[in-house]
Structure formats: C-alpha cells, structure tokens
Amino acid sequence: MTAEITAAPEITAKGAQDGVFIDRLYIEGLLEEAKHTGDAEIRRILDKAERFEGLNHIEIASLLAAKDPAHIARIFSIAGKIKRHIYGNRIVLFAPLYVSDYCVNRCSYCSYNCGHDFNRRKLTMDEVREEVKILEQMGHKRIAMEAGEHDEECPIEYILECMKTIYAMKFENGEIRRINVNIAATTVENYRKLKEVGIGTYILFQETYHQPTYEKVHLGGPKRDYAYHLTAFDRAQEGGIDDVGGGVLFGLADPYFEVLALMIHNEHLEQRFNVGFHTISVPRLCPADGISMADFPNLVDDAVFERIVAIIRLAVPFTGMILSTRESHLMRERLLKLGISQISAGSSTGVGGYRQRQLREKSSPQFNINDDRSAPEIISELMDDGFIPSFCTACYRNGRTGDRFMALAKAGQIKNVCLPNALMTLCEYAMDYGDGPFRAKAAAAIARELPGIKNEKTRLRAGENMEKIRRGARDFYF
Ligand code: SAM
C-alpha cells in the first residue's frame, strides 16, 4: 500500500460536520490502491484481526483486495476463531413482523414499489395482536418490525401504537421483550418518540452507498434523497436511540465498495457518538413480485458473500451480525460459522403473513424467502449442529445499550452474561414449547455448555435458575 493512503484523509472528520462522510472517489481510489498491498502488510493486518482488535477501513480495503489463497484461507479461519471466542455457540433468534406494505417510494428492487399494483394493507391493532400471538406460540421474544414508507397510511403514530400494543401483551409463557424497528429514515423528533416507547435497535439499510447506483434504483419518493437516508443514524442518535443497525442490500453495486463504505459509516458513528453499529445485517437481493433479477448486474455469488461476512467479522468483532431467511439453510449453516450471531426463524415477509400461513392463504411477501423451515425445525437443527439457540433480550432490559454495551463487550465482560442468559432462555423455551425429545436435546446442550461459564458464582446461579425454570419459574436474566 502506498504512503499516501495509509493515513485516512479528512473524510470522516468532515462528515461529522456536514453529514457527507461517504466520498465515492476516495473509496474507489482506496480499493484500487489496496490491490498493491504487500504481503507483509496483509500479514500484519491479519495478525491484528486475530488479536480481536478490529480493523480500520484502510486495512479492510487491503483484505477486500487480497488475492493470495493463503491470505483468503486465513481470513476465513480468523473469522471462525473470532466467532467462537466472542460469541461461543450462541445464536440469537428473532422474527420479522410486517405491519404495513403501503409505500410512496419507487425502489426498483422492492415489491412494495408504489408503482406495483397489489392489494395493500396495514394491520389493525387486533391483527397485530393475532400476529404476535402466533409469533409467541413459536417462542419468539424478539421481533423486527417492518413497514413501507407512507406518512398518511403508516405515520409514526401508527408504528408507536403497534409497539405499545405489542409490549402490552402478556402471555402465559412470557411476552415480546424487544422490538427492533426497520422503518424509513425519519426526523430526530420521530426517533425520540420511538425511543420513548422502548425501541430496541433502529435498523435501516443504506441499500447502496454508491450514490449513482442509489439514485438509479430509487426512482422516486423521499427515499431517493441519498444524504437524508445516509444521515438517518446521526438523527437517531440525536433522538436518543443508541443501538442502531446498519446494512446494505448486496446485489445493487460492487460489494467491495459497499463493505468499505459501510465500515467508513461505522467509523463515522464511532467518532461522532462513541459507538458504531450495534448490528450489521447482510441482506442479499432476492427474487420478488415485479422484480427481474436480470436487471441487477451486481448480484453477489456465494463465494464473495462468504468472504464479505468473514471480513466484516474481522473488522468489527463485537458488532452483532444478522442473517435473515433470504439465505438458504445451507448458506446459513456456513455463515453461522464465519460470523453471523443472529438469525430469523419461521419468518413471514408479508403483512398479516403469519395468520395467512396458518390459514394456508396466499400472502404478498416483500420478497421470497429461501429458508422455509419452521421455527422449531430451525431451533432443533441449530442444536444438532452444536449451537445454542438464544432468546435473550437482557442487555436491552438492563440498559446495556450503545457505548455501555460496546465498552463491556470490548472488555470481554459481555460473554459472562450472554452464555448464562442464552442457556436460561433455551431452558425456558424447551419447557414451554418443546416435546420430550426436544427437552432432552436442550438439556444435553445445556449440560455441555454450562461448565463454559467461567465465573463460579454465575455458573451456580444459572444452574439454580434453570432448576427453578423446570419447576415453573420464568424470565431469569443477568
Ligand atoms: N421501508 C424501510 C426503508 O425505507 O428503509 C425498510 C423496510 S423494508 C420492509 C426492509 C428492507 O427489505 C429494505 O431495506 C431492503 O433492503 C429489503 N428488501 C427490499 N426488497 C428486497 C428484495 N427484493 N430482496 C431482498 N431484500 C429486499
């Protein structure tokens, strides 16, 4: 790598002032320069990643450009090592809840595009309750609420009402304990309102950081405003939401450009708010009604996708990585080993889709999913593969959000609470939703993992709590 770009220019600092922290020419130049990174420099970067120190975007550019099969093999092996060391075998589970498909935008990749003609709808509060009841019957405790953008049909008040309705629901086996929200970029005032009703993570995908592509695929509507979309997390933070989740829709532009820009965005948030992304999602473009995949020349193949996931894992070891049912069973299994820490299970991507699935009615999904296993199948198969399905929502409930979460995670403290919480929530799930064989499988997994809790007092308390759970007590968390 040449001397000129080993020091990051003023782009991120400039961004703190005017919100323009993604400089396309700078990123393209860096990707070009990075092709000349020397062998010794790549080894230094990999050594740094292996010490769980994370990487800056210049180092990330070098890994994205790496060609030597030995370096690429090491990227994968370090990703696996980071995953095992920081996240152990735990996989956090969630489900999406689509509440409204009204949309004023014209996004060429999305079936909600306002130019598409289909029967649009939003859930009434009774329908929200019905959907949540079904999600609860699957054992979910954490949801990602999704909606199209439509100020009249789906104003912020509607989203807030949905959230309050959901948080007010109590079931015999518990309740939805964390609502993450994925709605269009909005104002500081609206983010403040979301915070007041208890949003978990505010999730928003930039879709593409490549502005010419962004403008090509967002043909109309407020979402077409690149800078407004790009600065949404700055406003969310200003509104008090300190857990924000980023991502790009892989398949729109050059994936290496996207990863580098995503990491620069993360650095910008770290610099400005002392905390970067709480989670990163890695959605890949899927077939959807009214969309022709042939119109998208930058589709990402499996090999490149795996490499991207691995490099993000090296770059931001403490940031959760989310994979949805857009990916197949096989792909999910592979990526879980490389860095993914959260997956959705039993998902429906249509408004009212859970009820329609029960009634075997046809729904209008936002996109077609690639993993249609039921939630119990996914959960059981995760255990067969040695993972611990976790329904934990403790950090959020204990106020461990934003920079407080990151400080604890970086100090290696989070894992002292994550493992016991994962085991206790799995135990609860097994008692409430599992049959005999499932409970036996969960008990064996718990017995295998329990000695991994290093703090003796915590280990004993977790064991005692699980005894209590087996006798009917619920909802223990550290
Ligand atoms: N309306 C919100 C916004 O403007 O950001 C987001 C909600 S939308 C329901 C959630 C995400 O679905 C989008 O951000 C987009 O990345 C993704 N999505 C849309 N069409 C898709 C497709 N065909 N394949 C995969 N993901 C898609």
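Here is a walk through this structure, from the whole chain down to single residues. Keep in mind that you're looking at a predicted model.

Let's begin with the overall outline. Taken along the principal axes, the C-alpha atoms of the protein chain fill a box of roughly 65 × 55 × 40 Å. Does that go with a compact globule or not? With 478 residues, a compact globule would have a radius of gyration near 23 Å, and the protein chain comes in at 22 Å, so the two agree. Of those 478 residues, 50% count as buried. The chain also brings together pieces that are far apart in sequence: take the contacts between residues at least 6 apart, and 78% of them join residues at least 24 apart.

Next, the parts list. The protein chain has 21 helices and nine strands. Its domain assignment gives domain 1 (8–85), domain 2 (88–372) and domain 3 (402–470). If you take the centres of domain 1 and domain 3 over C-alpha atoms, 34 Å separate them.

There's a ligand here too, and 21 residues surround it. Which of them are the closest? Those are C110, A184, C286, A288 and F367. Sort the shell around the ligand by class and you get 13 nonpolar, three polar and five charged residues.

Now let's zoom in on some strands. Strand β2 covers residues 142–147, and six of its six residues are buried, so the strand is largely enclosed by the rest of the structure. Look at which way its side chains go: R142, A144 and E146 point one way from β2, while I143, M145 and A147 point the other way. Both sets are buried, and that includes the arginine R142 and the glutamate E146. Strand β1 (residues 90–100) runs parallel to β2, and five bridges join the two. To find one of the matching points, start at A95: its bridge partner in β2 is I143.

I143 turns up again when we move to I179, a residue of strand β3 (residues 178–182). Is I179 buried or exposed? A residue needs 20 or more other C-beta atoms within 10 Å to count as buried. I179 has 26 of them, so it is buried. Leave aside its neighbours within four places in sequence, and I179 is in contact with I143, M145, M163, I166, Y167, I199 and G200. Two of these names, I143 and M145, you've already met on one side of β2. Another residue to find from here is V197: it is 18 residues from I179 in sequence, and their C-alpha atoms are 9.9 Å apart in space.

A second parallel pair is worth a look. Strands β6 (residues 279–281) and β7 pair in the parallel sense over three bridges. In this pair, T279 stands opposite G320 in β7. Strand β7 itself covers residues 320–323, with G320 and I322 pointing one way and M321 and L323 the other. As in β2, the residues on both sides are buried.

Helices have their own stories. K193 lies in helix α8 (residues 188–196). It has 19 C-beta neighbours inside 10 Å, so K193 counts as partly exposed. Beyond its neighbours within four places in sequence, K193 is in contact with I156 and L160. K193 and E157 are 36 residues apart in sequence, yet 8.9 Å apart in space, C-alpha to C-alpha.

Further along the chain, R404 sits in helix α18 (residues 402–410). R404 is partly exposed as well, because it has 14 C-beta neighbours inside 10 Å. Its C-alpha atom is 8.9 Å from that of V275, although their places lie 129 residues apart in sequence.

Finally, check out two residues with an unusual label. What do R360 and D475 share? Neither is a glycine, but each has a positive phi, about 55° for R360 and about 60° for D475. R360 is found in the loop between α15 (353–358) and α16 (375–384). With 6 C-beta neighbours inside 10 Å, R360 counts as exposed. D475 lies in the segment after α21 (456–470). D475 is partly exposed, because 16 other C-beta atoms lie within 10 Å.

Conventions: Residues numbered from 1 in each chain as written. Predicted model: local features only at pLDDT ≥ 70, side-chain atom pairs only at ≥ 80, totals over all residues. Near = placed C-beta within 6 Å. Nonpolar A, V, L, I, M, F, W, Y, C, P; charged D, E, K, R; others polar. Domains from an automatic or database assignment. Helix = DSSP H or I, 4+ residues; strand = E, 2+ residues; numbered from the N terminus. Rg over C-alpha atoms; globule rule 2.2 N^0.38 Å. Buried ≥ 20, exposed ≤ 12 C-beta atoms within 10 Å, placed from the backbone. Contact = placed C-beta atoms within 7 Å. Pairing = 2+ DSSP bridges.
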